[in-house]
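Work through these exercises with the structure open beside you. Try each task before you read its solution.

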Amino acid sequence: MAGPAPGPTATPPGIGARLGRLGIMLFPALLLFLVAFGPLVTPFSATAFDPAATLRPPGPTYLLGTDEFGRDLFSRIVAGAQPTLLPALASTFIGILFGTATGLAAGFLGGRRDEVIMRAMDVLLSFPALILAMLIIATLGANMVTLVFAIGFVFWPRSARLIRSAAMELARHEFVDAARARGEGTAYIMFREILPNMWGIIVVDFTLRFASAVLLVASLSYLGIGVSPPTPAWGLLVKEGQPLLQLAPWVVIFPCIVIAVVSVGSVMFGEVIRRRLTLPDRRILA
Amino acid sequence: MVNFVVRRLAFMVVILVGVSFLTFLIVNVLPGDVATTILGDFASPEQVEALRERLDLDRPVLQRYAEWAAGMVGGDFGVSLKSNQPIGPILWNRLANSLVLAAMGMAVAIPIGIALGVVTAVHRDSLLDRAITATVVVIFALPEYVTGLALIIVFSLEWNLLPASSLVLPGQSLWANPMTLILPVAVVALGMLAYLCQVTRASMIAALNSGYVRTAVLKGLTRRRIVVTHALRNAMIPTLAEIGLGFGYSLGGLVVIETVFSYPGIGQFLVQSIQNRDIPGLQAGVLVVAAAYGIGNLVADVGSLALNPRLRS
């Protein structure tokens, strides 16, 4: 019998795979363009009603059709990149910032302090991500700032756990002993010796975390939590369109396709970065 | 082993106390007055004062927390602000409905997910592996409502085979119309099996590359025996832990899935509590979900311990 192949069987990627990877690398540029210039390139207003053009199917004038108020769906989707992707980006940044600081401190300081910090993180980890974010937004009030804060808060313990284990590993290296022997202080060793060695992990954590932030923002806005009409956030477009599913399926289908492409694209971009920086697989849900 | 279970249970109690305190704290201490949040900015000072009194907001936080927590332990979940009914009975009914959804989804997802994971690991890098892995990655990356709406469009609107909503009328049982359960269960199962397939594939590949599998190959055992008894049994240990995690994860996903299909579960209960600004309902719901999440993880930990003789001592 042909037993399972021992060891990795890496074959050089073909031209198709390379083109695919190039496309994935260009993906963030596309998202940035949409966020930066989206509202400037929309052919119609994303929010103004047009009673003369309600529920038009996709066609030459209204590329993706219009909704029940006559708003052009294409314009709404393009304009919706900002309220969907900016909160995702900002909250990832906040979560990683706090997670890195906490994880670094816990992993490097160790002992009692590590124990206390990580038990507190465990409490935060006992909520499913979406539900913790819902709880925070519901109590602090639904707006963009609480949305960003809530998702950042959800990411904080998840990122802290990852960075902590990296910091513990790095703290064992000789260059840390050397810095101690030179008489460097704790803060110097943490930020000038250990942190610079973790950028790879932090970048990978950021890209994969961003993908899950997009998913969370899209889910929360679909539930109508954190953003309110007439903001054209993509999840909200789907929520508002769902009652019209039978009558005008395009108002649901196109936002869904865009959400699908951006979610899958972000995950794949994160994976490409992870492979580039050759880090081991990590638990997907962690 | 008994020792471990006891320690793990004690840890869970500690976590639940922390979770309940955090839930209580978020609602009661953070900036902004709860009464004002509930009533909105246009409420008169008298209305706010009346609600503050009803919620006992003027007494010390710790005292209120102690009473609330004691009530929860004794099964008293408080009174809904929306309906003025006790929260407990509604919540248990919703939780039971959600557990039905999660359990049926997992019953479909576990065998299929593990089977796909084994097949892709054994035929690693083949066309079949690439096709399955790519599909699974895409499904896993999609929000649940995109999958759910895609199924609705195909099975309800195009082919008219299955109902698009699981709305249960008051007084009606969830089982009055079992056809309505199929689509939500399918969405739960798809997400779970996508995840389990990836986890099983990774742990199977690790197992197939191990020394004991090489020994088994050199001993001339049959391929089937190597894959099933040698590799899969070991690969199941990490997978089982992931099933527990996946169960908790599906509780989060249920919020979205139940909203898509108007399914009367605990996720929909949470969303409705938020929409109605029913803070006691929200607190009780979140705590119950966190407890279910914790129990899922506990069962997974104990399960992997039972499977792994090395950890038993």
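**Exercise 1.** Which residues are exposed on the other side of α3(B), away from its buried ones?

*Solution.* Start with the ground rules. This is a predicted model, in which local features need pLDDT of at least 70, side-chain atom pairs count only at pLDDT 80 or more, and totals for chains, interfaces and linings use all residues. Residues are numbered from 1 along each chain as its sequence is written, chains are lettered from A and ligands numbered from 1 in the order in which they are written, and side-chain values use heavy atoms, with hydrogens and water left out.

Step 1: fix the terms. Buried means under 20% relative accessible area, exposed means over 50%, and partly exposed lies in between (1.4 Å probe, protein chains only). Helices (H or I, at least four residues) and strands (E, at least two) are DSSP runs, numbered from the N terminus.

Step 2: find the buried residues. In helix α3 of chain B, residues 45-54, these are Val48(B), Leu51(B) and Arg52(B). They sit on the same side of α3(B), because they cover an arc of only 105° around the axis. The arc is that of the directions from the helix axis to the C-beta atoms.

Step 3: turn to the other side. There, Glu46(B) and Glu53(B) are exposed.

Step 4: recall the helix rule. An α-helix has 3.6 residues a turn, so residues three or four places apart point the same way.

**Exercise 2.** Describe the salt bridge between Arg201(B) and Asp129(B).

*Solution.* Step 1: define it. A salt bridge is a side-chain nitrogen of Lys or Arg within 4 Å of a carboxyl oxygen of Asp or Glu.

Step 2: read the distance. The closest N and O atoms of Arg201(B) and Asp129(B) are 2.9 Å apart.

Step 3: place the partners. Arg201(B) lies in helix α8 (residues 182-208) and Asp129(B) in helix α6 (residues 127-141) of chain B, so the pair ties together parts that are 72 residues apart in sequence.

Step 4: check exposure. Arg201(B) counts as buried at 19% relative accessibility. Asp129(B) is buried too, with a relative accessible area of 2%.

**Exercise 3.** How many residues apart are Glu271(A) and Arg274(A) in helix α11 of chain A?

*Solution.* Step 1: count along the helix. They are three residues apart, about one turn.

Step 2: check the contact. Glu271(A) and Arg274(A) form a salt bridge, with the closest N and O atoms 2.6 Å apart.

Step 3: check exposure. Glu271(A) is partly exposed at 23% relative accessibility, whereas Arg274(A) is buried at 8%.

**Exercise 4.** Which residues form a nonpolar patch on the surface of chain A?

*Solution.* Step 1: define a patch. Patches are made of residues with over 30% relative accessible area and no salt bridge; like charges are joined within 9 Å, and nonpolar side chains (Val, Leu, Ile, Met, Phe, Trp, Tyr) within 5 Å.

Step 2: name the members. They are Ile15(A), Leu19(A), Leu22(A) and Leu26(A), with about 460 Å² of accessible area together.

Step 3: look at one member. Leu26(A) lies in helix α1 of chain A. At 53% relative accessibility, Leu26(A) counts as exposed.

**Exercise 5.** How many helices and strands does chain B have?

*Solution.* Step 1: count the elements. Chain B has 13 helices and zero strands.

Step 2: add the extent. The C-alpha trace of chain B spans about 85 × 55 × 35 Å along its principal axes.

Step 3: add the burial. Of the 313 residues of chain B, 49% count as buried.

Note on methods. Accessible areas come from the Shrake-Rupley method with a 1.4 Å probe; for residues, only the protein chains shown count as cover.
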